[in-house]
Amino acid sequence: SVAEVSPVVRGLGRSRLRESNEVAASIEFEVSGETLTIHQAGEAHAAPVDGSKVKAKSKHGDKIQVSHKLRGSKLTQRIAGDGGDRINTYKLSDDGKRLTLSVEITSGHLPVPVEYSLSFERR
């Protein structure tokens, strides 16, 4: 996505994306009643699993809205803020040993979405 941006702002774009989208070393899920809290990359966001939006703040202090939606074996987390949106899709392998996180980042400042996947082994 950043390659599509003018060379003058490319470095700034990369740095902003890295700063606001830190790669998590681990992910932890905590369930309390109907509320799911996802801990990753120094942040924890809690929301019901029915897709309801909850107002929160990012670790950088930005106002955001967070929602979690559980459908079968797939969990979708949406984080919407003034700077853009992030959709995290979590899928557990059939044997329960590996978690795949697929990320899509969109912003009015990006010509195309940033998409990537990470894989985590269960401890």
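Two strands are counted as paired if DSSP finds at least two bridges between them, and strands themselves are DSSP runs of E with at least two residues, numbered from the N terminus. The model examined here is predicted, with local features requiring pLDDT of at least 70 and side-chain atom pairs pLDDT 80 or more, while totals for chains, interfaces and linings use all residues. Residues are numbered from 1 along each chain as its sequence is written, and side-chain values use heavy atoms, leaving out hydrogens and water.

On these terms, β7 (residues 84–92) and β8 (residues 98–106) run antiparallel and are joined by 8 bridges. Both belong to an open sheet of 6 strands, in the order β4-β5-β6-β7-β8-β9, with antiparallel pairing. Because β4 (54–57) and β9 (114–121) stand at the edges with a single partner strand each, one side of each has no neighbour in the sheet. From one strand to the next the twist averages 25 degrees (axes are lines fitted to C-alpha atoms, and angles run from 0 to 180 degrees between N-to-C directions).

Asn 88 offers a handy viewpoint on this sheet. This residue lies in strand β7 and stands opposite Val 103 in β8. Asn 88 has a relative accessible area of 1% and is therefore buried (under 20% relative accessible area with a 1.4 Å probe, protein chains only). Its side chain makes a polar contact of 2.7 Å with that of Gln 77, and another of 2.7 Å with the side chain of Arg 86. Such a contact is a pair of N or O atoms within 3.5 Å, one able to donate a hydrogen and the other to accept it; residues adjacent in sequence count only if both atoms are side-chain atoms.

Nearer the start of the numbering, β1 (27–32) pairs with β2 (residues 35–40) in the antiparallel sense over 6 bridges. Ser 32 faces Thr 35 of β2 as its opposite number. This hairpin has 2 residues between the strands, and Gly 33 takes a positive phi near 65 degrees. A further 6 bridges join β2 to β3 (residues 43–48), again antiparallel, with His 45 in β3 as the bridge partner of Ile 38. In the hairpin of β2 and β3, also with 2 residues between the strands, Ala 41 has a positive phi of about 50 degrees.

Notes
Helix = DSSP H or I, 4+ residues; strand = E, 2+ residues; numbered from the N terminus. Buried < 20%, exposed > 50% of the residue type's maximum accessible area, 1.4 Å probe, protein only.
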